Amino acid sequence: MRIVSPEQLGQALPALPANPRIVTQGSFGTPRALLDLLDAAVPEYRLFIVNGLGRLPDRDGVRIETSFVGSGLRGNPRVDYYPARLSVTPRLFAMTLPPDVVAVQTSRVVDGKVSLGIEVQIIPGAIEALKARGGVLIAQINEEMPFIHGDGVLDVADIDLAVEIAEPVPVAGDVPIDDESAALGERLAAMIPEGGTLQMGIGALPGAVLKALRGAKRLRVWTELMADGFHHLAMTGVLDPDHPITATFAYGSAEMYAWADSNPQLRLLRCETTNSPGMIAQQPAVTSINTALQVDLFGAVNATRVNDRIISGTGGQADFVVGAIHSPGGQSIIALKSWHPKADRSTIVPKLSESTTSLQPSWVVTEQGAARIFGASQRDQALGMIQVAHPRVRDELTAEAQRMGLLS
């Protein structure tokens with residue numbers, strides 16, 4: 001590993017091909033200072049990033065590539081979306097999207113190694129594809145980034161260039177839990193068996209579920225995102241201490257990052273492992289809880305598009321829907337409020353007009369109740385969905401279900 005100053009990085013770069021592809025970390029681990037330096041040094045390039053958030057390079061000569069559109073990319077005409085489940089996204093780097101540069105943010109050096117910190121996901125696969133073609137691995141060493149065990153641990157000898165730039169690690173703010181989310185959280189927590197394995201994301205609804213689990217025992221975690229709620233469960237003795245929390249990226253409080261630093265109770269693995277339906281299926285009694293924008297009477301789920309416009313991506317939902325339902329005693333739950341207040345419309349619709357993100361979860365749960373999907377007939381499935389819909393639209397949904405022949 002050759003360490004250079006930020007001012008020297010541009011001159012230290014080896015010759016790159018025209019319009020090189022740079023792969024970097026997304027979500028909350030993006031090496032923003034390093035990307036600024038590369039943006040100044042490389043006149044034209046493609047940037048592959050999963051879940052790009054906040055400020056990102058946005059100018060002529062830069063194209064953004066992604067399989068999951070984060071809030072920092074929505075509506076940007078310079079974004080090329082590549083539909084792919086998270087578990088298979090790294091395969092793109094060995095196929096149609098070979099990287100020339102991988103730019104990462106790492107922890108401090110510990111015994112000749114660094115950690116990718118809170119964001120592993122696609123990066124190990126990108127580095128393997130990069131090394132196979134002789135590309136350049138560049139690191140921003142950030143002493144404030146926690147050293148987290150797992151597939152994100154790299155030998156410093158594998159890094160070609162590095163700059164030492166400290167930046168605060170983004171922390172999650174408190175998400176208020178409204179009454180509907182709290183009630184829904186209690187309903188969902190009651191569906192999780194003792195000794196089961198949890199997967200869920202971040203926000204008011206997952207927060208409500210995790211809060212309602214404070215009295216549970218010997219739960220395990222195999223998830224995509226390590227969030228504060230799981231940290232709190234670990235600290236209150238809810239989790240099985242014999243099984244580490246397994247995730248592929250993390251986002252939480254400063255307290256959680258301090259706990260995660262060099263802690264063997266947490267491991268961040270590559271997304272090909274955490275999101276592999278086969279690996280998920282090997283975990284006991286997986287309860288996978290994800291949310292959506294819409295669910296229809298056929299049990300099809302839309303979590304990606306609004307009015308044909310991509311606002312996120314397939315991500316890991318389909319991976320966990322399939323994996324959980326194959327787990328011994330497992331179940332996949334789509335949890336959402338029955339009414340979307342901003343759009344002022346029902347989240348339960350007769351038939352999706354948008355692309356399907358996933359299909360056939362075990363349950364759809366709203367504050368109105370729980371509708372069985374897997375194991376229910378088409379008729380009972382539709383009737384269940386009508387019952388968990390908001391009362392304002394139940395008559396309309398019933399009429400549409402009759403018109404489509406679902407209730408005959």
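**View 1. D296 and V349 meet where β18 pairs with β25.** D296 has V349 in β25 as its bridge partner. The model shown here is predicted: local features need pLDDT of at least 70 and side-chain atom pairs count only at pLDDT 80 or more, while totals for chains, interfaces and linings use all residues. Residues are numbered from 1 along each chain as its sequence is written, and side-chain values use heavy atoms, with hydrogens and water left out. Strand β18 (residues 294-296) runs parallel to β25, and 2 bridges join them. A quick word on terms: strands (E, at least two residues) and helices (H or I, at least four) are DSSP runs, numbered from the N terminus, and two strands pair if DSSP finds at least two bridges between them.

**View 2. Zooming out from that pair gives an open sheet of 4 strands.** The order is β25-β18-β19-β26, and the pairing is mixed. At the edges stand β25 (348-349) and β26 (358-359); each has a single partner strand, so one side of each is left without a neighbour in the sheet.

**View 3. Another open sheet is built from 8 strands with parallel pairing.** Read across, the order is β1-β10-β8-β6-β2-β3-β4-β5. Its edge strands are β1 and β5 (79-81), and each pairs on one side only. At the β5 end, β4 (residues 62-66) pairs with β5 in the parallel sense over 3 bridges. Look there for E65, whose bridge partner in β5 is D80.

**View 4. Helices α2 and α3 pack on the 8-stranded sheet.** Helix α2 (residues 32-41) touches β2 (21-24), β3 (45-48), β4, β6 (101-106), β8 and β10, where contact means heavy atoms within 4.5 Å. The direction of α2 makes about 130 degrees with that of β8; axes are lines fitted to C-alpha atoms, for helices over the stretch in contact, and angles run from 0 to 180 degrees between N-to-C directions. Helix α3 (residues 123-132) touches β2, β6 and β8, and its direction makes about 140 degrees with that of β6.

**View 5. β10 pairs with both β1 and β8.** Strand β1 (residues 2-3) runs parallel to β10 (residues 161-164), with 2 bridges joining them. Here R2 stands opposite L161. Strand β8 (residues 136-141) also pairs with β10 in the parallel sense, over 4 bridges, and Q140 stands opposite V163.

**View 6. N51 and D111 are two loop residues with positive phi.** N51 sits in the loop between β3 and β4, and its phi is near 60 degrees, though it isn't a glycine. D111 lies in the loop between β6 and β7 (113-115) and has a phi of about 50 degrees, again without being a glycine. N51 counts as buried at 15% relative accessibility, whereas D111 is exposed at 77%. Buried means under 20% relative accessible area and exposed over 50%, with partly exposed in between (1.4 Å probe, protein chains only).

**View 7. Domain 1 (2-164) meets domain 2 (180-404).** These bounds come from an automatic or database domain assignment. The domain centres, taken over C-alpha atoms, are 29 Å apart. The contact takes 30 residues from domain 1 and 32 from domain 2. Together they bury about 2,600 Å², 59% of it on carbon and sulfur atoms; that is the accessible area (1.4 Å probe) that two parts lose on being put together, summed over both. L86, I118 and H149 supply 20% of the area that domain 1 buries against domain 2, more than any other three residues.
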